[in-house]
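Here is a set of exercises with worked solutions. Have the sequence and the model open beside you, and try each task before reading on.

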Amino acid sequence: MSVAGVAESVSTLVGRIAELRGPKSVAAQGFWCDDVPFVSDSPVARRRLHTELRRPLESQAPEYPPVRVLLLRYADQVSDLILVSHRAVLDAPSLRTATEALARGHEVSRIATAHPSWPAAGKEGDSDGLQNADFGTVPAWGAPVPRGIATGSVGTAPGVRLDHTVEDIQAGLLVAAAIVLGRYEDQQRPMVAALSVDPDRPEDVLGSFEFGALFPADLTGDRRIGDLLDRARQLLTDPALRYSSDQGGVPISRAYGRVLVGVLPEVPEGYLPCQTAPFPLTLVPRRAQDGTLQLEVHRQPDMVGETAAQRFAGQVARVHAWISQQPADTVPDDADLLDAAEREAVAELGRSRTALPWEPARIDCVFTQQAALTPDAIAVTHGTTRLTYQQVHTRATQLAAGLRAHGVAPGDHVGICLERSADFIVCLLAVLLADAVYVPMDPAYPAARLAQTIEDAGLATIITELIEIAGVSSSLVRPDALHAAGAAAPDLPVPQRGPESPAYIIYTSGSTGRPKGVVIPHRNVIALMNATRSDFALTCDDVWTFFHSGAFDFSVWEIWGALLTGARVVVVPYWDSRSPEQFHRLLVQEQVTVLSQTPSAFAQLAAADQEQNTKLPVRLVVFGGEPLDTGSLRNWLDRYPESQCRLVNMFGITETTVHVTAQAIGRDEVLSATRSVGPPLPGWHVYVLDRRGRILPPGAPGEIHVGGEGVALTYWNRLELTAERFVTDPFADGRMYRSGDRGRLLPDGRLEHLGRLDNQVKLRGFRIELDEIRNVLLEDPCVTSCAVVLGGDLDSSVARTRIDAYVVLTTEADVDTAPVRQRAARLLPAFMVPNTITALDSLPLTVNGKLDARRLPRPAIETRTVTADRKASGLAARLAALWQDILGVPVGLDENFFELGGNSLSAVQLAAEARNRDIPAIPLRALYSNPTVRSLATVLKQNSVTR
């Protein structure tokens, strides 16, 4: 063998590429020859081959794909010529002449090629594809993946006996692969690659890519199997169509990372065009001696796991067999990837491996038992107030008697509209002891919102410190008045309703502009506590925080999680919850061990903790309410190792009783930036179903359905919505809840949460229906049409994320949108009021008449000029500069911080950053009371003089 000859051929290859792509288009990283003193089929030789194929390319100019060539010569006179290049080089049909120089004329036994992963994200025609859809092992676009690809293992999946032409078989496999790929990618137009081998020169192992093209399958509802097969046959048999985008053909060389699955024609046994799988998945049909079609799957192991590849091939084979038995007018969506046994196996995968040890009970009964067991233990702490279990029970019993004397009957709905306090907790228990149902409301909500809830829930009695609620005729009663009435009332009767009866109703955002009440029974809360008690090691020695609004279902977990396990719950005053430094001091002072936080709030606490010498006593942090960026927890784990503080990410829904799954977060999860929310809790189970309600295989995205012990009873007074969202569980007794969340089940039974299917968002822990905001705006007589979107800096900071509204005003209306915002603020909670409202002449629409969100202009706050007085100096100027940095928009001296896009998180950032800007400490109360630069500067100056 002439090594010099091979080297000369390599030079020819590089020169040919330079001619085709330009002199800077490729940089050869050298050619060398290496003798391996082992036979070619030895483990050592195989490892060496795979190592070289995996070795990444080095390029100082990544826009110019390089080439590396290595000749391995083994002891048995066999040799491997290894060619490593970016796909953009090797896939070009024009390279045929250059590659022939390597394949012929030399004593080279085999040629092995590798294509470094180069997704080229952002190019026209790219898709997330299986890189995101996964089978459980494929990394996301942009994730660091090895750029050298080793030869994939081969598995077989039985097909059906077929006596058709090669083109018929390949066309059927192309359509089948497209259908399966479409399910995994959750898209209607997946692309697969149709590969061919030149029949005149089958030895041309690298030139085969010239005879390939992409098959963009259209799986939309009006397409039929027959149409897809015809299009695939045309693409395979008519060379003129292969590169004609007008006819549906797209050159493979233009697809880059979009090509995910390649389908070869039927080829002789043992023949492959190259040692490595050309694509992450390459399907090779072979006909067995009995005429049965066998489907091999070759994979790139750094991209697709072996089990996932085998599963994919089996599903392609099943769909291929199904296609052969269907009439031509069958729609692709009729295909089912799983058989009955597999459906049952996947359903079982979504259930907890741990049984739920529990007996259904009432919340108040369990608390009463705990109070009898530890009467003198402290149950609730709020400032200087410290109530024992016995004191809480005694006071709640007296309040319950007062409620009965006030006319509250078993099953009645009782509103509780109080700030976070010890009284709030006592009142919750009192309503339950009175055998009634509590409906928590936040007194910070606008009066119109409160009135809407009161009317819908039918609240005749509301426990509150408010003197009045506009438009409400219900009886408002203070806690101390109920306590006094209870002292003179007869003994409280024992509740007669059982654990299946409603305990509370929590109202959530509704897409129609009308909040919906979720009715949760006693037994669900008891099931939740028993599902987590052992795993989280919850004991009477723990100290919990009541941090969140009582109208937010996280508070159910915080309050009853503590009191039903004999622990102590610390009420976090509102202003402490808004100041990370004050909250940190409270956690240390009260020696809190169990902390529940939304990721947004925790990020502020973690940042404050980094500046403190005193470490927190927390042993368990439970995340919920919004997606968690696990990568942000690295610094926390440096300071609080996993052995000291356990982190758990929990996915949950109000309609399934707060929590559904739990994922422990350690170093591995942080480094991998996992999106897993873990397996279901004992007693809960999850399914991922497609649009037609069929269970999907692991790795395929669809709508998350939740069944088991946490499913709510109903939506109050919403029969149609209840019937739509609470449906019969096809795999177990009872009902399941259609969550509207998108996700996928992983092969190990964990769930990945992928966002919402509808127009709902999670913002700073709150579940918000953008359509509810839109409907409120549309009810304004000045607004003829509107759009509401999530805006701001969505990637860098939750604090800079905001709600943007766009309105078209009536011809009679003033162009000023301030009155529109003021009206919305009277009807919506503060966290739902649009940060910006921009007036447009008309909303941009697509050709189909839908909103074209991409053409919406930047909000008014981002386009106006700075209105600040240029003569402003000193403190006001520094404040204006700080506000502008925090909010990312120009700031005027008299513009409202919150109307410019500010929120509770950006307010915390403002207060924290002030220390670094030579600005006096900014009390959050002062900012909320004086939300303009001018007024806040005046207050800060006055405070400085006073001191």
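**Exercise 1. Find out whether the two faces of strand β22 (residues 594-597) are covered, and describe the strand's surroundings.**

Solution. Begin with the ground rules: this is a predicted model in which local features need pLDDT of at least 70 and side-chain atom pairs count only at pLDDT 80 or more, while totals for chains, interfaces and linings use all residues. Residues are numbered from 1 along each chain as its sequence is written, and side-chain values use heavy atoms, with hydrogens and water left out.

Step 1: sort the side chains by face. V594 and S596 lie on one side of β22, L595 and Q597 on the other, and all four are buried. Here buried means under 20% relative accessible area, exposed over 50%, and partly exposed in between (1.4 Å probe, protein chains only). Helices (H or I, at least four residues) and strands (E, at least two) are DSSP runs, numbered from the N terminus.

Step 2: look for the partner. β22 pairs with strand β23 (residues 620-623) in the parallel sense, over 4 bridges; pairing requires that DSSP finds at least two bridges between two strands. Opposite S596 stands V622 of β23.

Step 3: follow the connection. Together with helix α19 (residues 599-610), β22 and β23 make a right-handed β-α-β unit. Right-handed means that, with the strands pointing away from the viewer, the path from the first strand over the helix to the second runs clockwise.

**Exercise 2. List the buried residues of helix α18 (residues 580-590), then inspect the residue just after α18.**

Solution. Step 1: the buried positions are P580, E581, F583, H584, L586, L587 and E590. To read such a pattern, recall that an α-helix has 3.6 residues a turn, so residues three or four places apart point the same way.

Step 2: move past the end of the helix. Q591 follows, with a positive phi of about 55°.

**Exercise 3. Work out which parts of the chain are joined by the salt bridges of E342, D333 and R823.**

Solution. Step 1: apply the criterion, a side-chain nitrogen of Lys or Arg within 4 Å of a carboxyl oxygen of Asp or Glu. The structure holds 30 such salt bridges.

Step 2: take E342, which pairs with R318 at 3.1 Å between the closest N and O atoms. E342 sits in helix α9 (residues 340-349) and R318 in helix α8 (residues 306-324), 24 residues apart. E342 is partly exposed at 27% relative accessibility, and R318 is also partly exposed, at 27%.

Step 3: go on to D333, whose side chain meets that of R694 in a salt bridge (3.4 Å, N to O). D333 lies in the loop between α8 and α9 and R694 in the loop between β27 (684-689) and β28 (702-708), so this pair ties together parts 361 residues apart in sequence. D333 is partly exposed at 27%, whereas R694 is buried at 13%.

Step 4: finish with R823 and E779, which form a salt bridge at 3.8 Å, N to O. R823 belongs to helix α24 (residues 818-827) and E779 to the loop between α23 (770-778) and β35 (783-792), 44 residues apart. R823 is buried at 17%, while E779 is exposed at 53%.

Step 5: check for shared partners. Salt bridges that share partners join R183, D333, D334, D690, R692 and R694 into one network.
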